[in-house]
There are 2 protein chains.
Amino acid sequence: MLTDMDISRRAPLKDIAVLGAEFGLLPDEMQLFGKTKAKVDLRVQQRLAEQQQGKLIIVTAVTPTPHGEGKTVTTIGLTQSLKALGNKVCACIRQPSMGPVFGVKGGAAGGGYAQVVPMQELNLHLTGDIHAVSNAHNLGAAAIASRLYHETRLGKAEFELQSGQNYLDIAPNGIRWHRVVDHNDRCLREIEVGLGENNGPAYTSGFDITAASELMAILALSRNLADMRARIGKLVLAVNRQGAAISAEDLGVAGAMTAIMADAVKPTLMQTLNGAPCLIHAGPFANIAHGNSSVIADDIALKLADFVVTEGGFGSDMGFEKFCNIKARQSGLTPSAAVLVTTLKALKANSGLTSDADINAPDQARLEAGFANLNWHINNVARYGIPVVVAINRFATDTDAELNWLIEAVAGTAAFGCELSEAFSQGEAGALALAQTVMRACEQPSEFTLLYPDDMALEAKLSTLAEVGYGAAGVSLSEAAKLQLQELSALGYADLPVCMAKTPLSISHDPQLKGVPQGFIVPVRELVLNAGAGFITALVGNVMTMPGLGLVPGYLKIDIGADGEITGLG
Amino acid sequence: MLTDMDISRRAPLKDIAVLGAEFGLLPDEMQLFGKTKAKVDLRVQQRLAEQQQGKLIIVTAVTPTPHGEGKTVTTIGLTQSLKALGNKVCACIRQPSMGPVFGVKGGAAGGGYAQVVPMQELNLHLTGDIHAVSNAHNLGAAAIASRLYHETRLGKAEFELQSGQNYLDIAPNGIRWHRVVDHNDRCLREIEVGLGENNGPAYTSGFDITAASELMAILALSRNLADMRARIGKLVLAVNRQGAAISAEDLGVAGAMTAIMADAVKPTLMQTLNGAPCLIHAGPFANIAHGNSSVIADDIALKLADFVVTEGGFGSDMGFEKFCNIKARQSGLTPSAAVLVTTLKALKANSGLTSDADINAPDQARLEAGFANLNWHINNVARYGIPVVVAINRFATDTDAELNWLIEAVAGTAAFGCELSEAFSQGEAGALALAQTVMRACEQPSEFTLLYPDDMALEAKLSTLAEVGYGAAGVSLSEAAKLQLQELSALGYADLPVCMAKTPLSISHDPQLKGVPQGFIVPVRELVLNAGAGFITALVGNVMTMPGLGLVPGYLKIDIGADGEITGLG
């Protein structure tokens, strides 16, 4: 079989202006970026305001393993097969981060014959949205640091006299806004800034990866540009010496930050290998961030397509949970069905196996042991009141015996159906049965249900998410988190929903606990206010909001020829 | 008169695909970004390899003042008037940095009726080149820091065993590669990174503004993608414990860094208000960086146009000097004429006046005193063997008497000619005489001459630049600079040309010394190797490679409406 890159390069691409027109966009609603990408102008939202919505399908997975479950492959494969069956369909996915692209994972365009193309453009800059988020975020950081500098240098009276602005009384330890960069740069996790002469005062700070920026969550959750502007105004950049929140609006930087994101608010249209439209918007990392694609992209796609396929990162405890309790809660755009991706390898790995040889070999006992993880995720998704279709992403080495056992085992669960997906090797022909079952699932009666109501207290939300959402015995707050809980309550933000940043490699907080962990207590290390995005992030266990590069980083195999051809991507 | 933004918004724009075709580009040589921007594919270089070159005109200025001399206005105005006279012409300018856009200065698209449009797109992301430089640069930084982390953690034997890579023996104090961000963020000038548990070892580092990145100089100086790839391979990211240079190639990250810049290597085509083509490429800041637009853009423009107008930032001691001794030296693309921009205000400010009222009032004595600065710059440009045309950028408050005196005074200098420019208020009609005189200047015999030969020793180059280039009595090296000179010589880089980073506000290193300073000694604080760009940067006096935000930053007046209209830019 060809490499992903070769398949992408050889694909006959439809001119994106033609594809967009067929999708239902007017020429003036598309801003072309070459022949393969177009930004979609938000005027289309007004034009289609009264249009009936299609069905939203959310793709999630069992607890992920290093072997790759193929969630994006299945998302794109399902989209391709829905198109092959004659449906109007659109995929809504997130822009890949360059952190993993150059770190270890490779691209995030799907793979094999289920890809968004050209994958090189998707995996690198796309149309610059992540750069815009980085840049807008770091303007906020420069602004609050500079205000600290000038206020400290001049004192209240002189500052107000010379600047014509109110003295905010910011202290170095009151700054709450990190900086961001779209790479895995471990040594920026904790830094001391403002050193040297006349650059201070010094304070301890750090960088997160851009996908973890609150601005990325705002991009994902805003309904339109005006909503984004209002949310950016609410960003809390610091808490002053009197304990008052200092917002981006207070600092006068919210308009400029939004101006930097004026183009980023528009989703980017690309295509799958068989010419289905795909909207790319917002960023990944449903472990450390909200990590879902955007409300705006879903909204536009649901007006133009009968079926919209989106994905939540990692297992159903991660991206799917955030999709429901944050994104759907805020947007009101609720799913008609869920697809839960699994593989034989993933189940064996979830039984505790680690070596490639063990995982690739038939092993009924291990498969049965790992099945508990799948069943947990089926029940977890069903709890939200929507039908669940299990998609078994087939690998070439999978045996029929094991596949058949798994299909039968799923028949005894709460799942609505179960189908093999061979989209990776067969493209649009490989997920036709899955597409048909998903179409039937979308016709089922469903009642989308959130895990907790808006007006529950913050601590109770944390407990509910841990106990019901992860099956924990409870949560424990660090001393720092307890103080932060007090600060958040005093600032009036205790009614926000909760976004837990935790390892995706276990349903629990501990990546070593495979299968269906029980009896564990979720340790909340830190609480971070996201006043603009509208949630509180709880950092759990050892989770880091800045990854590091591994010992054998992905960039080693990447190069470019004199003709501009990039090798080693994806 | 309308604001710059209103003039830009009301301008009837030509579809960039049509403009590009009229300019001589084939459809496949343009990658469209909407209707107003297109990246130019470098295949055009091969197609036009045998084409005769047009004339290159470099626009420079007297020592700049806070009042604005209008160098970009004159560059664009001259381009517009050359077009109005029926010439095939192209402007080649640099992409603005968001640091000044949100800091204090506003945009860099020209102004009034001499603008590149749409100015909003030019001043914000353009086609993402600066973002690509930031991102590629910071991947290099993450790579060297991560290598330090893994080598330190594992030691030589384990590192080589586990990673399959050579142990480079990097020490924390051997890292030579900063990080960059495209904002004015003072508190990042000096930072300590790698703090906290398992993120180290800690080392002292800092951020520069992206325009000061060596990658930006490489983008400007490369002849093509293969040249850029080779230069990025030569970047020295660290010096190890044995004193050996560790390059981006040694680290295996050069290919990935270049891949990130695969689109940035293509210049962006835009247009002036009267529809003349304009290529935008590379970054600004000829004080702290090389700061000239790109060799690639010049090369393409010279094949397609009879006249190419480019600019060197700040006074002729800054951008023009670097244009000659670095860019023209490396590329062989030499200028046929120079335009030296001055204003009445600039000359009075260069006489030592500071208040706006004083500078706007007629004052013959001050004008005559400030004239010395203009005369110095005329002689400085003439030293390079090319004809100099003085352009007096006229302000509404200028009196005829003072303008006439200045025109007569210039007649007694080494200048080839002197014309008023009223491009700001009159557009293409405002610089016709200037355009005609520049066309005549281009017909003059000229012999472009560099300030020093390639094979002069590094210290002698520093002295020559200071003494001949700035009129100093000599240079002095700090103890740190002396050690760095030894290191550079030991590494074999002592034959590179010199790029001095100094204040642009005086011909000397001291911004307080106005007019024509004499007898000063240029204090070299630090020497920085740019092995890929091919020069040594000497940091002089107090110059900073990361600006700070002022007390009343530019972002305060910037906002965006629900319709996407940005206010307060430029």
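The following exchange concerns a predicted model with chains A and B.

Colleague: What makes the radius of gyration of chain A agree with that of a compact globule?

Modeller: The rule puts a compact globule of 570 residues near 25 Å, and chain A has 23 Å, so the two agree. The C-alpha trace of chain A spans about 80 × 55 × 50 Å along its principal axes. Its secondary structure comes to 21 helices and 24 strands.

Colleague: How much of chain A is buried, and what share of its contacts joins residues 24 or more positions apart?

Modeller: Buried residues make up 64% of the 570 residues in chain A. Among contacts with a separation of 6 or more, 74% are between residues 24 or more positions apart. Chain A exposes about 18,600 Å², and carbon and sulfur atoms supply 50% of that area. As for charge, chain A has 43 positive and 57 negative charges, and their mean positions are 2 Å apart.

Colleague: How do you know what relation holds between chain A and chain B?

Modeller: A rotation of 180 degrees, with 0.0 Å of shift along its axis, superposes chain A on chain B with an RMSD of 0.0 Å. That is the relation of a two-fold axis. The C-alpha of A:Phe33 is the one in chain A nearest the axis, 2.2 Å from it.

Colleague: Why is it said that the copies meet through the same surface?

Modeller: Of the interface residues of chain A, 100% are also interface residues in chain B, so the same surface serves both copies.

Colleague: Why is helix H9 of chain A called mostly covered?

Modeller: Helix H9 covers residues 225-234, and seven of its ten residues are buried. To count as buried, a residue must have under 20% relative accessible area. The buried residues of H9(A) are A:Leu225, A:Asp227, A:Met228, A:Arg229, A:Arg231, A:Ile232 and A:Gly233. Within chain A, they pack against helices H8, H10, H11 and H13 and strand S12. Strand S23 (559-560) of chain B is also among the elements they pack against.

Colleague: Which residues of helix H20 of chain A are buried?

Modeller: In H20(A), residues 458-469, the buried residues are A:Leu458, A:Lys461, A:Leu462, A:Thr464, A:Leu465, A:Ala466 and A:Gly469. A:Gly471 follows this helix and has a positive phi, near 75 degrees.

Colleague: Why is A:Tyr149 called buried, and what does A:Tyr149 touch?

Modeller: A:Tyr149 has a relative accessible area of 16%, and the cut-off for buried is under 20%; A:Tyr149 is therefore buried. This residue is found in helix H7 (residues 129-163) of chain A. Leaving aside residues up to four places away in sequence, A:Tyr149 touches A:Asn198, A:Asn199, A:Gly200, A:Pro201 and B:Arg186. A:Tyr149 and A:Asn199 are 50 residues apart in sequence, and their C-alpha atoms are 7.5 Å apart in space.

Colleague: What makes the bond between A:Gly200 and A:Pro201 worth mentioning?

Modeller: The peptide bond joining A:Gly200 and A:Pro201 is cis, with omega about 5 degrees. Most peptide bonds are trans. A:Pro201 has its place in the loop between strands S8 (191-193) and S9 (203-205) of chain A. In chain B, the bond from B:Val117 to B:Pro118 is cis, with omega near -5 degrees. B:Pro118 is placed in the loop between strand S6 (114-117) and helix H6 (119-123) of that chain.

Colleague: What is the phi of B:Asn198, and is this residue buried or exposed?

Modeller: B:Asn198 is not a glycine, although its phi is positive at about 65 degrees. Most residues other than glycine have a negative phi. With 60% relative accessibility, set against a cut-off of over 50%, B:Asn198 counts as exposed. B:Asn198 lies in the loop between strands S8 and S9 of chain B.

Colleague: Is B:Ala282 buried or exposed?

Modeller: A relative accessible area of 2% makes B:Ala282 buried, since the limit is under 20%. B:Ala282 also has a positive phi, near 65 degrees. Its loop runs between strand S14 (277-280) and helix H12 (295-304) of chain B.

Colleague: Why does B:Asn542 count as exposed?

Modeller: Exposed requires over 50%, and B:Asn542 has 69% relative accessibility, so B:Asn542 counts as exposed. B:Asn542 is found in the loop between strands S22 (535-540) and S23 of chain B. B:Asn542 and B:Thr503, 39 residues apart in sequence, are 7.9 Å apart in space, C-alpha to C-alpha.

Terms used:
Residues are numbered from 1 along each chain as its sequence is written. Chains are lettered from A and ligands numbered from 1 in the order in which they are written. This is a predicted model: local features need pLDDT of at least 70, side-chain atom pairs count only at pLDDT 80 or more; totals for chains, interfaces and linings use all residues. Side-chain values use heavy atoms; hydrogens and water are left out. Helices (H or I, at least four residues) and strands (E, at least two) are DSSP runs, numbered from the N terminus. The radius of gyration is taken over C-alpha atoms; the globule rule is 2.2 Å times the number of residues to the power 0.38. Buried means under 20% relative accessible area, exposed over 50%, partly exposed in between (1.4 Å probe, protein chains only). Contact means heavy atoms within 4.5 Å. Accessible areas come from the Shrake-Rupley method with a 1.4 Å probe; for residues, only the protein chains shown count as cover. Lys and Arg count as positive and Asp and Glu as negative; His and the chain ends are not counted. The place of a charge is taken as NZ of Lys, CZ of Arg, CG of Asp or CD of Glu. Copies are superposed by least squares on the C-alpha atoms of residues with pLDDT of at least 70 in both.
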